[in-house]
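Here is a short set of exercises to work through with the structure open beside you. Try each task first, then follow the solution step by step.

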Amino acid sequence: MEGCSKFCSFCVVPNTRGLEVSRPPEQILNEIEKLADRGVREINLLGQNVNAYSYKDKLKEYRISNIIAELEKFPELTRIRYTTSHPRDMTEELMKAHRDIEKLQPYLHLPVQSGSDKILKEMNRNYSSQEYIDIIDKTREYKQDIAISGDFIVGFPGETDDDFEATLDIVKRVKYAHAYSFKYSPRPGTPAALKDHQIDEEIKSERLKILQDLIRQQTRDFNSSFFEKEINVLIEKHGLGVNRLTGRSSYLQSVHMDGDPSFIGEIVKAKIIKTRDNSLEGIIL
């Protein structure tokens, strides 16, 4: 699908990409069948707001959870992912899919943007910080080991020290495996660009550093928990150096290791012998 119908006050996507438009399910499945026949092992379902996917025909309405269930039937496929999601469209059926569909990887990118209810309202996100936390908690009830990533904007117009502290609080509460964070930047034609109380760039930079330090520590802790564990890695490409390979874990971590190039495109079992802030080092077993 393409487009977005959420109209966040900081975002130009509805104006540049249009409103949400979902492709017919048979078109998606036919395309994926051709890719699987060519050897593709991992499919990532994409959209500006992909979990809002909705397509009605004469028989039923299809949501992204239905598409994922159909992909489970493709024997050639081993991994299914989707991105990016909006909390308002995180249905219980999609949460249950993480529990019930083995090929759906234990990774969820669910942007929250701010932990302050006041700022969330100004952003037109249409959920509260507690509603976001409830979604994360419910998803973890169905899939305990799911890795959560998110997006954050600091220095949104009118953001006070207390508002920023609320963002730090939600990060501490959720414990992210990974997250993207940015300073607010006005986009022409968006309501937020016209708001009063724009935040000084120096304050934005200070807040961003504090937030990124916290997120970096959480990512480091998440990766460290894999030390000496055996995990499945999909080898994607040549790494840096002779007979070096790079792949991805089920949790989307980069994993580097020595190995023959013939492993590219295969899922291998690897033991993690070293962890870094943004990657793992493994040995193919």
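**Exercise 1.** Which residues of α7 are buried? Work out how they are arranged around the helix axis.

*Solution.* Keep in mind that this is a predicted model.
- Step 1: Buried here means under 20% relative accessible area. In α7, the residues that meet this cut-off are D163, F164, T167, L168, I170, V171 and V174.
- Step 2: They cover an arc of only 160° around the axis, so they sit on the same side of α7.
- Step 3: Turn to the other side of α7, where D161 and D162 are exposed.
- Step 4: Look for what covers the buried residues of α7: the cover includes α5 (117–122), α6 (129–142), β6 (147–154) and α8 (201–224).
- Step 5: Go one residue past the helix. α7 is followed by K175, which has a positive phi, near 60°.

**Exercise 2.** Check the spans of α7 and α8 against 1.5 Å a residue.

*Solution.*
- Step 1: The expected span is 1.5 Å times one less than the number of residues.
- Step 2: Helix α7 (residues 161–174) has 14 residues and should therefore span 20 Å; its end C-alpha atoms are 20 Å apart, in agreement.
- Step 3: With 24 residues, α8 should span 34 Å, and its end C-alpha atoms are indeed 34 Å apart.
- Step 4: While you are at the start of α8, find D200: one of its side-chain oxygens comes to within 2.9 Å of the backbone nitrogen of E202.
- Step 5: Now list the buried residues of α8, among them L208, L211, I215 and F222. The buried residues of this helix pack against β6, α7, β7, β11 and β12.

**Exercise 3.** Is β6 enclosed or open, and which strands pair with β6?

*Solution.*
- Step 1: Count burial. 8 of the 8 residues of β6 are buried, so the strand is largely enclosed by the rest of the structure.
- Step 2: Recall that side chains in a regular strand alternate between the two faces of the sheet.
- Step 3: Sort the residues by face. A147, S149, D151 and I153 lie on one side, with I148, G150, F152 and V154 on the other, and both faces are covered.
- Step 4: Find the partners. β5 and β6 pair in the parallel sense over 3 bridges, with H109 opposite S149. β6 and β7 are also parallel, over 6 bridges, and V154 stands opposite K183 in β7.

**Exercise 4.** What surrounds S181 and Q113?

*Solution.*
- Step 1: S181 lies in strand β7 (residues 178–183), and its relative accessible area of 12% makes it buried.
- Step 2: Beyond neighbours within four places in sequence, S181 is in contact with F152, L208, L211, Q212 and I215. With Q212 there is a polar contact between side chains (3.1 Å).
- Step 3: Q113 lies in the loop between β5 (107–109) and α5. It is buried too, at a relative accessible area of 8%.
- Step 4: Leaving out residues up to four places away in sequence, Q113 touches F10, M123, R125, D151, F152 and I153.

**Exercise 5.** In what order do the strands of the barrel close?

*Solution.*
- Step 1: Trace the 5 strands: the order is β8-β9-β10-β12-β11, with mixed pairing. Neighbouring strands of this sheet are turned by 50° against each other on average, direction ignored.
- Step 2: Inspect one pair. β11 (residues 267–275) and β12 (residues 279–284) are antiparallel over 5 bridges, and T275 stands opposite L280 in β12.

Terms used
Residues numbered from 1 in each chain as written. Predicted model: local features only at pLDDT ≥ 70, side-chain atom pairs only at ≥ 80, totals over all residues. Heavy atoms only, no water. Pairing = 2+ DSSP bridges. Helix = DSSP H or I, 4+ residues; strand = E, 2+ residues; numbered from the N terminus. Axes fitted to C-alpha atoms, helices over the stretch in contact; angles between N-to-C directions. Buried < 20%, exposed > 50% of the residue type's maximum accessible area, 1.4 Å probe, protein only. Polar contact = N/O pair within 3.5 Å; in protein donor to acceptor, adjacent residues only side chain to side chain. Contact = heavy atoms within 4.5 Å. Arc of directions from axis to C-beta.
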